[in-house]
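Trainee: I've got a model open and I'd like to learn how to read it. Can you take me through it?

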Amino acid sequence: MATQVTTAGRITTTDQFAYPKGIWSWISTVDHKRIGTLYLVTSMFFFLVGGIEALLIRIQLTEPESTFISASTYNQLFTMHGTTMIFLVVMPLSAAFFNLLVPLMIGARDVAFPRLNAFSYWVYLFGAILINLGWFHGAAPDAGWFAYANLTSQEYSAGQNVDYWVMGVQVLGLSSLASAFNFIVTIINMRAPGMGMMRLPVFVWMTLVTAVLIVMAFPSLTVGVTLLLFDRWFDTLFFVPEANGQPLLWQHLFWIFGHPEVYILILPAFGIVSEIIPVFSKKPIFGYTAVVFAGIAIGILGFSVWAHHMFTVGLGPVPTAVFAISTMLIALPTGVKIFNWIGTVWGGDLTFTTPMLMALGMVSMFIIGGLSGVMHASPPVDSHQQDSYFVVAHFHYVLFGGSLFSLFGGIYYWWPKFFGRLLNDGLGKVHFALMFIGFNLTFFPMHWVGVQGMPRRIYTYAEGLNWDFWNMAMTVGAFIIALSILVFLINAFLSFRDEPNAPDDPWDGATLEWATSSPPKPYNFEKVPVVTSNIPLWVEKYPEVYGHEPDFRETSPDPEDQPDVEHGIHEHHDDHIHMPNPTIWPLIVSIGITLGFAGFLYGWIITFIGVAVMFLGIYGWVLSPAFGEPDHV
Amino acid sequence: MSSQGRHDASHGEHAHPDAREYALIASILTIVTGFEIALYFFTGVGYSTLVGMLMVLMVVKFGMVVGWYMHLKFDERLYTWIFGFGLGVAIVIVLSLYLLFTVFHPAEEVLRQLPSGAGH
Amino acid sequence: MATRHEAASPPRQNIIEHPTATGQDNRKLAMWCFLASDCMFFGSLITAYLVSHDRAAVPPYPNDFFDIPFTSVSAFVLLMSSVAMVLALAGIQRGDLRRFRIWILSTGLLGLIFLGGQIYEFTEFHHEGLRLSTNLFGSSFYVLTGFHGAHVTIGVFWLFSLFLASFRQPLVTKEKAVNVEIAGLYWHFVDIVWIVIFAVVYLIEAG
């Protein structure tokens, strides 16, 4: 007999439950799978925007003393390329995966706070739009993604460029924070019965550590950006040297955020490859406990290294030495994870599908990026490399080679689960090959020209420095990357011409998301699973290998019940599923907050309207029921 | 899905403190605050001693409000870990930055020459 | 342990009882996480204050300003508001709506008195020539105490909203006491931040 489902005042049953359709259903959604899809599509759009910004930078640098782009436009391009890729692409793409996967992987029906989840997406979208509006006024942010004081002061940045950055970053920060609180509570509190913390998929652990990093690191950024906002708008003197203010304070506050931020960018990627590699090696991850604890160690140590971004500012020998040591130390847990991935592949029965290629590509590229990172950890070496293209090479190897390759791997791997269609593996391999070649051609030569002294963030370079050939090669590489992305987009488009008839478990996966339909039903699981291992599906499918455990599908969700081995089926308590109500209050609050900040740029009346809308939205949100029939309040 | 949790779990085995216990805590906090203010008026106390004593009193008040009013002493250990972690990281960061800008700051000589007598 | 069947009986709005993995309420867990994060927020603000306040290049300087007796009364008011909050929570947990209303209103009023004191203090300083832009002491003092005041203001809105909401059943009830509990946690946090600010900004400075 089908289970009863209540949603938005209607009571229906699981076999009659239909996914709502239409634009309004997307605007008012609180379903984590839809929100994940929204994040995915939006972040891919901004990936194209950031990619075009990169191509323009590369065209300008192809030859010495090029006049293709002016210096001031160049400053806007590299600032926005970095800001976009970090805040509008990699973080939201990670959030897409948190949303799509975490509830399924822990056996829950949704996240702890579905409306807050919707809010996180909308405020990201509006923040992304706000920060990009500067382009339309010829005043895009232009002081670098790290906006160092006192270049950003009223005196030296008199236009609105820095204000777009300040307001945009504040709005975007709220998105990340809201999402992080949601996932921390979800992972701690919404796990299915039997899903102890040490049975969580590695991806879920990495999500938890990332979320903790976000809630601990973003406040430092918020404070720094607030002090900058006050300096620019209310004439405070925090970063004004003439009044004894300290630009160095900005650097510390920024990097106390900024260093954990790079772990925020990479840990989800580590989580994704930790899911993909075992499946295509047909072996569980080597050293699950070590992988988890290494992730936690990276998170904690990530707070102790920030001043390695400041080795050349004159901190003094003792602080510099301390931060050098802590930075070298953090290579240890990272190395542990890499050895665990290698250990997983070793002796495995390997299949080289696109997701696996992307994952292996990630591990190898990340090793290169990690090696250049360890070089930076030595202050005397860093004093030569700082502000040169060597640094650009390092962080692109870890962020593109690391995060992006992994995220693409995740896209290929989970596409059939969420869209019910498989991406074409042949085209996927073409995408991988082109992207791998293009990526290395673009970024490897940066190590050489960097060591030879080519500076960052300068719109051109002189003739006769011998950098011409490699810069040309880098530009070619960048266009090869662009071509690879085109291949991916074609693949994605073509997949939607098929009917959604992908199997539930096309890759022979180990974790709970593969136990649902493709795509999953809105309520995820008809019966909440009871879990007895961290590879529940493999235990179910291969009992001769992994030992006989009670079938997680059949066991009662009430842990006081004993499994009835003979019949395998029990009395289930969840004969009524409650779905959270769709609502537009999160959207309204997001609009209010964004207008509140936008008023600094467009006029105070907009701020007043924004604050009013925000208050209205908050009261509407709090007073409307999260579940059940809409009440008359 | 906003979940309620067990009704009885929220206070563990500890019964709701009665008004008397709260009044007692309030009185202690008042006395401690009074002592803090009295210290301010004692010009005889050396600066380092003053700062030290004020810090101790501050920590005592902080601990009492967190432990009793926020009920941390009686609630699930999980909350103590969560808040402790946040507080701990914050304290480490504040102390590190304070050291980086004072003890290790190369420009300390300049600070000593300021007319406000700052940088003691 | 609550099962889904038991969910059918209490007021249907907002609360569907699902067992959680720790047995603790999601909202209470979320509030503690938020407070841990807010420690970092205030930690960063206090840092900015500590490294800036004594570097003022021009007068006026802190010693010229602080009226410790006045600020002490203010600090005491906030401390007492925490007592009132605790009594308000005790009231709603016993289902005593009348006690709840008296004490939550008191908490909010004491919070307003505190804010009044802050505004008075800021206006006095302003008249005496200390502004955000006067010097680094002004910048760092107003920003730190101002953001604390903003937190108090949000808290006051919250408390008065709970007071009003208690008149419209079933918004504030014994079963939903956790809603008051989390407001209380926020309020006490704002109080402990003041305990730190009072010691670090006022007493140590002026000693």
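What follows is a talk about one interface, one serine and a pair of cysteines.

Mentor: Keep in mind that this is a predicted model.

Trainee: Let's start with the interface. How many residues of chain A are in contact with chain B?

Mentor: To read an interface, start with who touches whom, then look at the area. Here 25 residues of chain A contact 15 residues of chain B. Together the two chains bury about 1700 Å², and 81% of that is on carbon and sulfur atoms.

Trainee: Which three residues supply more of the area that chain A buries against chain B than any other three?

Mentor: They are A:M216, A:H252 and A:W306, which supply 21% of it.

Trainee: And which elements give two or more residues to that side of chain A?

Mentor: Look for α6 (202-233), α7 (247-281) and α9 (317-329) of chain A. The most comes from α7(A), with four residues. By residue kind, the side of chain A that touches chain B splits into 18 nonpolar, five polar and two charged.

Trainee: How many salt bridges does the rule find across the interface of chain A and chain B?

Mentor: Zero. The count of residue pairs in polar contact between chain A and chain B, with both at pLDDT 80 or more, is zero too.

Trainee: Now a single residue. Where is A:S28 found?

Mentor: For one residue, ask where it sits, how much of it is accessible and what it touches. A:S28 is in the loop between α1 (23-27) and α2 (32-61) of chain A.

Trainee: Why does A:S28 count as buried?

Mentor: The cut-off for buried is under 20% relative accessible area. A:S28 counts as buried because its relative accessibility is 6%. A polar atom of its side chain lies 2.9 Å from the backbone oxygen of A:W24. Leaving out residues up to four places away in sequence, A:S28 touches A:P582, A:T583 and A:I584.

Trainee: Last topic: how many disulfides does the structure hold over all chains?

Mentor: Zero. To judge a cysteine pair, check the distance between the sulfurs; a disulfide needs them within 2.5 Å.

Trainee: So why is there no bond between C:C33 and C:C39?

Mentor: The sulfur of C:C33 is 12 Å from that of C:C39, its closest cysteine sulfur, so the two are too far apart for a bond. Seen from the other end, C:C39 is in no disulfide, and its nearest cysteine sulfur is that of C:C33.

Trainee: Are those cysteines buried or exposed?

Mentor: C:C33 counts as buried at 5% relative accessibility, and C:C39 counts as buried at 8%.

Key: Residues are numbered from 1 along each chain as its sequence is written. Chains are lettered from A and ligands numbered from 1 in the order in which they are written. This is a predicted model: local features need pLDDT of at least 70, side-chain atom pairs count only at pLDDT 80 or more; totals for chains, interfaces and linings use all residues. Side-chain values use heavy atoms; hydrogens and water are left out. Contact means heavy atoms within 4.5 Å. Buried area is the accessible area (1.4 Å probe) that two parts lose on being put together, summed over both. A salt bridge is a side-chain nitrogen of Lys or Arg within 4 Å of a carboxyl oxygen of Asp or Glu. A polar contact is a pair of N or O atoms within 3.5 Å; within protein, one must be able to donate a hydrogen and the other to accept it, and residues adjacent in sequence count only if both atoms are side-chain atoms. Ala, Val, Leu, Ile, Met, Phe, Trp, Tyr, Cys and Pro count as nonpolar, Asp, Glu, Lys and Arg as charged, and the others, Gly among them, as polar. Buried means under 20% relative accessible area, exposed over 50%, partly exposed in between (1.4 Å probe, protein chains only).
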